[in-house]
Amino acid sequence: MHDHSPAPASWRIALPHSAAAVPVARALVRNALAELEHTADGDTAELLTAELVANAVEHTSVGRTPIELVVELRPTGCQVEVHDPDPAPPADLTRPDVEPPDPWREGGRGLLLIRALSSSCGHRPTGAGKAVWFRLPAVPAQRRPR
């Protein structure tokens, strides 16, 4: 691999509209990062992906449109997107912190976690609904835990 500007590798997979989607998504992200010996933090990527997928499963009705996971690996880091059929934006992702979240409320922590741990995150409308995404930076090899 002597190409100095590798094209971003990307995976796209449709997920079942059920809790089973979460471990499938985690495994895909873990395998994608491992396969390319990618330097983004795999544990964080898995955790945040699980939150996005769980959120999509929980908050969208079962329809003909599957939830889709898109993983893109770039030299500068990775971007993970979860596509779902609900056009309504995720409330906690971009809302300013007017009130502190209730840590005991189930489901309230995930998007705040994503905001805290990702280098950037957001959402955009798609033809079929919306995509919610986050990015993680690549970590220099010498800083990585062995």
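**Fold, strand pairing and salt bridges of a predicted model**

Along the sequence, the elements of the protein succeed one another in the order β-α-α-β-β-α-α-β-β, which amounts to four helices and five strands. Helices (H or I, at least four residues) and strands (E, at least two) are DSSP runs, numbered from the N terminus. The model is predicted: local features require pLDDT of at least 70 and side-chain atom pairs count only at pLDDT 80 or more, whereas totals for chains, interfaces and linings use all residues. Residues are numbered from 1 along each chain as its sequence is written, and side-chain values use heavy atoms, with hydrogens and water left out.

Of the 146 residues of the protein, 36% count as buried; buried denotes under 20% relative accessible area, exposed over 50%, and partly exposed in between (1.4 Å probe, protein chains only). The accessible surface comes to about 8,700 Å², and 56% of this surface belongs to carbon and sulfur atoms. These areas were computed by the Shrake-Rupley method with a 1.4 Å probe; for residues, only the protein chains shown count as cover. Among contacts (heavy atoms within 4.5 Å) between residues at least 6 apart in sequence, 68% join residues at least 24 apart.

Strand β2 (residues 67–74) has pairing partners in β1 and in β3, where pairing requires that DSSP find at least two bridges between two strands. With β1 (residues 9–15), the pairing of β2 is antiparallel and extends over seven bridges; here A14 stands opposite E68 of β2. With β3 (residues 77–84), β2 again pairs in the antiparallel sense over seven bridges, and V71 faces V80 of β3 as its opposite residue. The connection from β2 to β3 is a hairpin of two residues.

Helix α1 (residues 21–35) contains 15 residues, for which a rise of 1.5 Å a residue predicts a span of 21 Å; the end C-alpha atoms are 21 Å apart, in agreement. The expected span is 1.5 Å times one less than the number of residues. The buried residues of α1 are A21, V22, A25, L28, V29, A32 and L33. They occupy an arc of only 130° around the axis, and therefore lie on the same side of α1; the arc is that of the directions from the helix axis to the C-beta atoms. An α-helix has 3.6 residues a turn, so residues three or four places apart point the same way. The cover over the buried residues of α1 includes β1, α2 (42–59), β2 and β3. On the face turned away from the buried side, α1 carries the exposed residues A34 and E35.

Six salt bridges are present in the structure, each defined by a side-chain nitrogen of Lys or Arg within 4 Å of a carboxyl oxygen of Asp or Glu. One of them joins the side chains of E46 and R26 (3.2 Å, N to O). Because E46 lies in helix α2 and R26 in helix α1, this pair ties together parts that are 20 residues apart in sequence. E46 is buried at 9% relative accessibility, whereas R26 is partly exposed at 30%. In a further salt bridge, the closest N and O atoms of E72 and R74 are 2.6 Å apart; E72 is partly exposed, with a relative accessible area of 23%, as is R74, with 26%.

K130 and D84 also form a salt bridge, with their closest N and O atoms 3.1 Å apart. K130 belongs to strand β5 (residues 129–137) and D84 to strand β3, so the pair links parts that are 46 residues apart in sequence. Both partners are buried: K130 has 6% relative accessibility and D84 has 5%. Salt bridges with shared partners additionally join R26, R30 and E46 into one network.
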